[in-house]
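User: I'd like to learn how to read a structure like this one. Could you walk me through it step by step?

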Amino acid sequence: MADVTLYHWEPNANSGKPMLALMEKGVPFESHYINMLEFDQHKPDYLAINPQGTIPAMTHGDRVLTESTAIMEYVNEEFDGPALMPANAQDRWRIRWWMKFMDQWLGPSFSMIGWSTFVGPMVRDKPKEELEALIERIPLPERRRAWRKAMFGQFGEEELAESKRRVKFGVARLEEELGKRDYVGSNHYSLADINIFNSTYSLPMSHPDVASKDATPNIMRWLKAVYLRPAVQQTWAMGKTDLAHRYSLIMEDI
């Protein structure tokens, strides 16, 4: 056994990245589900693991690792199994460029839209006093501000419009990239595909105005190729919300 425990929510977005990397490498791990909608990530048991209260986190023996992309790189370098980074230096640079583009520029826009349309409405039925208490328990002030906006529907029209603009731009860049090679940044499946797939897996459903068979055939081809990987199917089977159902709907679509 690798003595690995992964603290995660659903097998998508940031949580899905190390989950899928571990699955692709064939690394056995203990799954510790953190229900983000119940704010498990801000409870004392989890804060003892990651005092910042963000997910995912991973322990490997006595090591504690945080930040999803950094965890993926650790998993790839630390464990045996298929290489998730190519040997070619230019391909490695391209892969890291795309991961930075997702993590720092495009991913936050996906998150804002997702929090506004999914996460916020899911928790908004709780009493206002309870929500305020939950917000005060969040360690990082910037995360408190983000959760407050999500919980109370406070994202501004300009903020959402800018996020939608970025999504449209980012999807166009991704479509162009996947017209050049089989996968993101390389002709071989890599960490970039894991990173970007976990935020774009539902594009045909969540953003049908920018991603479809007609508008983005390269993305649709790539999504199907990733969806059919055994590690992806095993990872998605670990979900506890309706994401698995959405997965089946998207597979029918592509």
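**Reading the domain interface**

Analyst: Sure. Let's begin where the two domains meet: 32 residues of domain 1 are in contact with 35 residues of domain 2. Keep in mind that this is a predicted model.

User: Where do the bounds of domain 1 and domain 2 fall in the domain assignment?

Analyst: Domain 1 covers 4–78 and domain 2 covers 89–253, according to the domain assignment. Taken over C-alpha atoms, their centres are 18 Å apart.

User: How much area do domain 1 and domain 2 bury between them?

Analyst: Buried area is what two parts lose on being put together, summed over both. Here that comes to about 2900 Å², with 70% of it on carbon and sulfur atoms. On the domain 1 side, Leu20, Leu37 and Phe39 lose the most area to domain 2, and together they account for 21% of what that side buries.

User: And the polar part: how many salt bridges are there between domain 1 and domain 2?

Analyst: For a salt bridge, look for a Lys or Arg side-chain nitrogen within 4 Å of an Asp or Glu carboxyl oxygen. The count between the two domains is 4. A salt bridge to look up in your viewer is glutamate 38 with lysine 126, where the closest N and O atoms are 3.6 Å apart. There are also 12 residue pairs in polar contact between domain 1 and domain 2, counting pairs with both residues at pLDDT 80 or more.

User: Which element gives the most to the side of domain 1 that touches domain 2?

Analyst: That's α1, with 8 residues. Helix α1 (13–25), β2 (30–33) and α3 (68–78) each supply at least two residues of that side.

User: Let's stay with α1. Is serine 15 buried or exposed?

Analyst: The cut-off for buried is under 20% relative accessible area. Serine 15, which lies in helix α1, has 5%, so it's buried. Setting aside neighbours within four places in sequence, serine 15 is in contact with His8, Trp9, Glu10, Ile55 and Pro56.

User: Now a helix from domain 2's stretch of sequence. Which residues of α6 are buried?

Analyst: In α6 (residues 141–151), they are Ala146, Trp147, Ala150 and Met151. These residues sit on the same side of α6, because they cover an arc of only 130° around the axis.

User: What covers the buried residues of α6?

Analyst: The cover includes α4 (89–123) and α5 (128–136). While you're there, check what follows α6: glycine 153, with a positive phi near 60°.

Terms used
Residues are numbered from 1 along each chain as its sequence is written. Side-chain values use heavy atoms; hydrogens and water are left out. Buried means under 20% relative accessible area, exposed over 50%, partly exposed in between (1.4 Å probe, protein chains only). Helices (H or I, at least four residues) and strands (E, at least two) are DSSP runs, numbered from the N terminus. The arc is that of the directions from the helix axis to the C-beta atoms. Contact means heavy atoms within 4.5 Å. Domain bounds come from an automatic or database domain assignment. Buried area is the accessible area (1.4 Å probe) that two parts lose on being put together, summed over both. A polar contact is a pair of N or O atoms within 3.5 Å; within protein, one must be able to donate a hydrogen and the other to accept it, and residues adjacent in sequence count only if both atoms are side-chain atoms.
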